[in-house]
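Q: Got a minute to walk me through a model? I've got it open on the screen here.

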Amino acid sequence: MTQSLSAAGLPPAFPDHTQLPESDGTFVKNFQEHPQSILLTDSLESTLQNLHPDGQYAIGQDCGIYWRETDPPERGAEAPDWFYVPNVPPLLDGEIRRSYVIWREYMVPIIAIELASGDGSEERDNTPLSRLPKGSNQKPGKFWVYEQIIRIPYYAIYTIKTSQLEVYNWLNGRYYRLEPNDRGHYPIDRMGIELGVWEGSYQNQTQRWLRWWDNQGNLLLTGSEQARLERLHTEQERQRADRAEQTQRDAIPQLLAMGLTAEQVAQALSLSVEDVQRLG
């Protein structure tokens, strides 16, 4: 039986991430793309730890999502500038991912984000596969692939030149453009967070950046921002302690001058007798 199957010739197995190209050879379009992707990932770390205490998730940054087999293979892939996939291992058989292959893992990304260097028309291209000329090397529209084939629940397009953010939600077979909430943010309900635009400095660039907020409107901080906040808090506590000690130091001679004993002063100021004697 084995010989007859072999003689008949079985179709080759679908390729995996190690057998597919990890790049289409194009350049990153501008100097904001990589810092922007890092900012999105860095500030989401604590949220992802809460969502996935087992560490089972993957973040793609300008990495290919393969959705069909083509020749050449790159025609069957789209590479969002940033995307998040829940409940998949960060490594595959101990290897760093080179791409994300839908037919190998089946789990669909929750959100894909495109950082448009132009006017966003490429990211909104809804051309279906059926409209492409036969034998053409053209690819179907990115919007159509995300909506009709991969069916990513949330698709965001950020036009860098104009700081315009569009967010789409997949429902009943198509994307519907969302309206921002009262804070000007777009709730990503399946993650319990919001996406919006923030103006500030990051990696030596003062720009308008995509940022995450929690569902209460609190900005999700990067690791360096959190560390800076903790340093400020520590410094404030130190200054508060210094002021409190100075207040106590000023109060001790006044209380002693009133005729209180060192023991009474110590009790009133929650100090030891030795501290009263030392500071008085």
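A: Sure. One term up front: a contact here means heavy atoms within 4.5 Å. With that, residues 24 or more positions apart account for 55% of the contacts in the protein chain with a separation of 6 or more. Keep in mind that this is a predicted model.

Q: OK, what's in the chain, helix- and strand-wise?
A: The protein chain has eight helices and 14 strands.

Q: And how much of the protein chain is buried?
A: Buried residues make up 39% of its 280 residues.

Q: Let's do a helix. Which residues of H7 are buried?
A: H7 covers residues 262-269, and Ala262, Val265, Ala266 and Leu269 are the buried ones. Looking down the axis of H7, those buried residues fall within an arc of 100°, so they line one face of the helix.

Q: What sits on the face of H7 turned away from that side?
A: That face carries the exposed residues Glu263, Gln267 and Ala268.

Q: And what covers the buried residues of H7?
A: The cover includes helix H6 (223-257) and helix H8 (273-279).

Q: What happens just after H7?
A: Ser270 comes there, with a positive phi of about 55°.

Q: Switching to strands. How do S10 and S11 pair?
A: Antiparallel, over four bridges; S10 is residues 164-171 and S11 is residues 174-177. Asn169 stands opposite Tyr176 in S11.

Q: How many residues lie between S10 and S11?
A: Two, and the pair of strands forms a hairpin. Asn172 in the turn has a positive phi of about 55°.

Q: What about the sheet with S12, S13 and S14, in what order do they run?
A: The three strands form an open sheet in the order S12-S13-S14, with antiparallel pairing. S12 (186-188) and S14 (205-214) are the edge strands, each pairing on one side only. From one strand to the next, the twist averages 45°.

Q: Remind me, what holds strands together in a sheet?
A: Strands of a sheet pair through backbone hydrogen bonds, either parallel or antiparallel.

Q: Good. How many bridges are there between S13 and S14?
A: Ten, with S13 spanning residues 193-202. Leu195 stands opposite Trp212 in S14.

Q: Which helix packs on that sheet?
A: Helix H2, residues 33-42, touching S13 and S14. The direction of H2 makes about 25° with that of S14.

Q: New topic: pockets. How much space lies in the second largest pocket?
A: About 180 Å³. It has 14 lining residues, and the closest to its centre are Ala58, Ile59, Gly60, Pro90 and Arg97.

Q: Which strands supply at least two residues of that lining?
A: Strand S1 (57-60) and strand S4 (82-86) each do. S1 gives the most to the lining of the second largest pocket, with four residues.

Q: And cavities, how many of 30 Å³ or more?
A: The count comes to one. The largest cavity has a volume of about 40 Å³.

Q: What lines the largest cavity?
A: Glu33, His34, Ser37, Gln61, Asp62 and Asp81. Helix H2 takes in residues 33-42, so you can look for Glu33, His34 and Ser37 there on your screen.

Terms used
Residues are numbered from 1 along each chain as its sequence is written. This is a predicted model: local features need pLDDT of at least 70, side-chain atom pairs count only at pLDDT 80 or more; totals for chains, interfaces and linings use all residues. Side-chain values use heavy atoms; hydrogens and water are left out. Buried means under 20% relative accessible area, exposed over 50%, partly exposed in between (1.4 Å probe, protein chains only). The arc is that of the directions from the helix axis to the C-beta atoms. Two strands pair if DSSP finds at least two bridges between them. Axes are lines fitted to C-alpha atoms, for helices over the stretch in contact, and angles run from 0 to 180 degrees between N-to-C directions. On a 1 Å grid over the protein atoms alone, a cavity is a set of points where a 1.4 Å probe fits but cannot get out, and a pocket is an open set with protein on both sides within 12 Å along at least five of seven lines; lining residues have an atom within 4 Å of a point. Grid points are joined across faces, edges and corners, and a volume is the space filled by probe spheres set on the points.
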